[in-house]
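Here is a short report on one protein model. Start with the sequence and the structure, then read on.

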Amino acid sequence: MLSRLDVQGFARRALNPAKRLVSAWWRRQSPSRQDRFATLGPLLSVVLFLAAIVSAFWYLRNEEIEREAEAVKRDTEMAQQQIRSRLIDNEDQLIPLQRDLANRAIDNLEFTQRAMAIARNRPEITHITWLNARRERRVSVAAIGEQADSLMTLEGSDPSMPNGHANSEPERAFQAARDRRTRVYSASFADANNTTVFQIQLPLSDRSGFAGVLIAEYAVEGLLRYSVPNELTSRHAVAVLDPREQVVASTVTPMPGKRVTRAPIYYEVPMAPAPGLVLRGQGYRTSIGLISNTLFWMVMALSVLTVWMLLGTWKHMRRRAQVQNALAAETNFRRAMENSMLTGMRAMDLETRISYVNPAFCAMTGFAESELIGRKPPFPYWPPDRYEENLRLLQQEMQGRSPAGGSEVKVMRKDGSIFDARMYVSPLIDPKGKQSGWMTSMTNITEAKRVRDQLSASHERFTTVLEGLDAAVSVLSVQQGELLFANRSYRLWFGADPKGHAMLAGSQLGGATSAKEAGYAEGYDSDEEVDDYGGLPAQHLTEVGADSREVFIAQLDMWFDVRARYLQWTDGRLAQMLIATDITARRHAEAQQQQQAEKAQVTSRLITMGEMASSVAHELNQPLTAITNYCNGMVSRVRGDNIQKDDLIVALEKTAKQAQRAGQIIHRIRAFVKKSEPQRQPAFAASIVEDAVELAGIELRRRNVQIHTYVAQRLPVMRVDPILIEQVLLNLLKNAAEAIDNAALPPSRRHIELRVVPKHTAELGANIEFSVTDMGPGLPVEVIERMYEAFFSTKADGLGIGLGLCRSIIESHQGRIRAENLYNGPSIVGCRFAFTIPVDIPRPESHLASHDKGGDTGTGTAHNTAATP
């Protein structure tokens, strides 16, 4: 056998590799990680100890609960057996009585005596009753051992008596005993004293069949009290529950008014042979729980305190490690920054001895660090001709009178070359607050100086260009209202007053006097634009592009095209720049062009009426001829005294009607050709179509052309000049009639369709489309491409301004006009002109109820006008 030393040596040899692995792993860790593991080890052990304590308490608690549950189960089953034994024993005492009653061996008196004997020794039995087959009581003995004539009577309302109703528990037991001829236990119910009871019914049979039942009624509470031993009830509470889980009897009497709750440890068994009743044993823990255990909370408190102290130590070590790492990183960062920066750094002590230079300083001067450390003035990088100047600057620095913006000096490299540099000097303060020397930073500004000179020259050129512009350029500070820049043109027109800028911009200067109040501009509205953007982020304003607006200066009688944008001024302030270009000549030209367009519109209408002159004369000739005939007829009949008053009135009314007709024709033509300024006003499409068709009807009837009109209902109101839109419709209808008449088309194709419908497109939005469709020969492709050109016409006597003017009118209303041929296969079967007028969709409450020339019901209105030769 192996000795103890051999076993220990073997164990040592087996553990040596593991120890070596752990040792190697520990050495590979950094010191900070070793400190972390050293701190986490005790913390982990405390947590494990706390977990072990909690687990032990939990295990003991579960053990106690299991023991108590086992005891409750054992006592409950014992109580069940005691009750069952009691019921079986009672049943054995009742069976001889049942047998004698069935054999008719005893009478009522003997039954009473024997029942009294049974009841006196068994207090849980409330009464013993003998019933015949018709549910009539023969004898009933109460629990006190004497006859009770008031019990079990059919005339009474005793719930213990089978009454023939199926909802009675005694009746159900009675029927079961009669049908099965065996003893039957009834379900629990409340007797006349509101006591929960149940019955055992023993059937009585003789030669004739079923002869009745022997009933013994048990009180559940009495059965529980006299059947369960006292030593059992002293250990655990036992209760009897009905099918609704209500406590009907218990060995522990509850306090009045308090609700009985179920114990945390309980066990339930059926109280056989009584159906529906459950026997419940209840138990409670004898020891206190974890929450009330002082020892447990003491251990918990000590463990938490230990964990808290370990966590505090760990956090402290972490902070120390972080500070050390930050210090090392800061030192490395500063060293790397000093070694890599382009700015030369030089440190001097209080005796002006150089104590430190960085690589950039050495690279600038060309001297090595060993050649500079410990040197005193004059330094080797001072130019020989500037010793006195540099020495004076050094003395100013030592006295703390160096300029805040640094000193510009000349520095000589080791090879003798000279460059410009700027030096900044600041005192070196030690941790105790005492000055230990001076720190100097040096920057090579040779290239920066050259760029500055170039920028200065560029600024001069830029200023020269701005001064030579014909447009006024001004820059105004938004917050202060100060004019920062103004070129020659601005000064020529407005002087050096910033109010001219505000007038051009249409804004106020810091809430002071506005341009309108100063009398500089007309049409100024202070609510439209406000340039006081003080406090707003400048970046968002400077990113916004320039906007263009036209401004009229009443004082100068000039129009300007003003473009404004926000910019960051050289000192960081938010400023607004304006470029105002004189456009007075262009506005005058546009005004003249507008006047020429208005004259062209009137001329076009006059030409149209001139072309329709013969038709108008024919149209007027009919009412005038009728008036002449009516007048001559009335004169003849008056002279012959052959006219009645009523006939004369009828004739005069007809004459007046014809005169009114002629007047309407003249009024319509006059209104159409009347020279007037374009006036935008609310107008209905139905009214415009009706007036245009009425004027075009003269030409259509002359050319024997029919027109069919369709105007959709509930069209929104347009804001147009109705005369101009009417002029466009009349021109399109007249052109269509001329095309049909010139082509000598048959009557089946001599008609025009005029449709007005609402439309909505993604490009134009909501609009109303007017379309004129004819069945004429159509238009050649080259005509469609050029028909809107000025003075282009396919008519021999045409001026070529009709369709071009129509296009100008429609586009002035922000609409579109187009023409297209209609095809039937490769053949052209007509032409269609259509133009659109944009509209605003009204709100529901702003809809008009009706209109005298276009109702609001239905889907549309169609009219057919036939030509009359």
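R703 is buried, and so is E738. The two side chains form a salt bridge, with the closest N and O atoms 4.0 Å apart. This pair links distant parts of the chain. R703 sits in the loop between α19 (685-702) and β22 (706-712), while E738 belongs to helix α20, 35 residues apart. The bridge is part of a network: salt bridges that share partners join R703, K734, E738, D741 and R750.

**Overall picture**

The model is a predicted one. The protein has 869 residues, and 38% of them are buried. It contains 22 helices and 28 strands. Its exposed surface comes to about 50500 Å², of which carbon and sulfur atoms supply 54%. Among contacts with a separation of 6 or more, 58% are between residues 24 or more positions apart.

**Nonpolar cores**

In soluble globular proteins, nonpolar side chains tend to be buried together. The largest nonpolar core here has 47 residues. M718, L729, I752, F770 and F835 have the most contacts inside it. Helix α20 (residues 722-742) gives this core its largest share, 10 residues. What does L729 touch, leaving aside its neighbours within four places in sequence? Its contacts are I688, V689, A692, L754, F770, V772 and F835. Another core, of 37 residues, lies apart from it; L97, F198, L204 and L277 are among its members.

**Salt bridges**

The count of salt bridges is 32. Three of them are set out below, with the N to O distance for each.

| Pair | N to O distance |
|---|---|
| E169 and R172 | 2.7 Å |
| R280 and E268 | 2.6 Å |
| R703 and E738 | 4.0 Å |

E169 and R172 are three residues apart in helix α4, so about one helical turn separates them. E169 is partly exposed, at 22% relative accessible area. R172 is partly exposed as well, at 40%.

The bridge between R280 and E268 joins strand β10 to strand β9, and its residues are 12 apart along the chain. R280 counts as buried because its relative accessible area is 9%, under the 20% cut-off. E268 is partly exposed, at 35%.

**Helix α4 and what follows**

Helix α4 (residues 169-180) has 12 residues. From first C-alpha to last it reaches 16 Å, close to the 16 Å expected at 1.5 Å a residue. Its buried residues are P170, E171, A173, F174, A176 and A177. What covers them? The cover includes β1 (125-132), β3 (184-185), β4 (189-190), β5 (196-206) and β6 (209-219).

R181 comes just after α4. R181 lies in the loop between α4 and β3. Its phi is near 55 degrees, a positive value in a residue other than glycine. R181 is partly exposed, with a relative accessible area of 44%.

**Backbone exceptions**

Most residues other than glycine have a negative phi, and most peptide bonds are trans. N194 departs from the phi pattern: it is not a glycine, yet its phi is positive, about 60 degrees. N194 lies in the loop between β4 and β5. At 65% relative accessibility, N194 counts as exposed.

Two cis peptide bonds also deserve a look. One joins A272 and P273, with omega about 5 degrees. P273 is in the loop between β9 (265-270) and β10 (278-283). Another joins P377 and P378, with omega about 0 degrees. P378 is found in the loop between α9 (369-372) and α10 (387-398).

**Loops around T352 and G366**

P377 also appears among the contacts of T352. Beyond neighbours within four places in sequence, T352 is in contact with R375, K376, P377, F379 and M398. T352 lies in the loop between β11 (344-349) and β12 (354-357). Is T352 buried or exposed? T352 counts as buried, at 15% relative accessibility.

G366 lies in the loop between α8 (359-365) and α9. G366 counts as partly exposed, at 40% relative accessibility. Its C-alpha is 9.7 Å from that of G416, a residue 50 positions apart along the chain.

**A nonpolar surface patch**

L305, W308 and M309 form a nonpolar patch on the surface. Together they have about 370 Å² of accessible area. M309 belongs to helix α7 (residues 294-340). M309 counts as partly exposed, at 49% relative accessibility.

Terms used:
Residues are numbered from 1 along each chain as its sequence is written. This is a predicted model: local features need pLDDT of at least 70, side-chain atom pairs count only at pLDDT 80 or more; totals for chains, interfaces and linings use all residues. Side-chain values use heavy atoms; hydrogens and water are left out. Patches are made of residues with over 30% relative accessible area and no salt bridge: like charges are joined within 9 Å, nonpolar side chains (Val, Leu, Ile, Met, Phe, Trp, Tyr) within 5 Å. Accessible areas come from the Shrake-Rupley method with a 1.4 Å probe; for residues, only the protein chains shown count as cover. Helices (H or I, at least four residues) and strands (E, at least two) are DSSP runs, numbered from the N terminus. Buried means under 20% relative accessible area, exposed over 50%, partly exposed in between (1.4 Å probe, protein chains only). Contact means heavy atoms within 4.5 Å. A nonpolar core is a set of buried Ala, Val, Leu, Ile, Met, Phe, Trp, Tyr and Cys residues joined through side-chain atoms within 4.5 Å. The expected span of a helix is 1.5 Å times one less than its number of residues.
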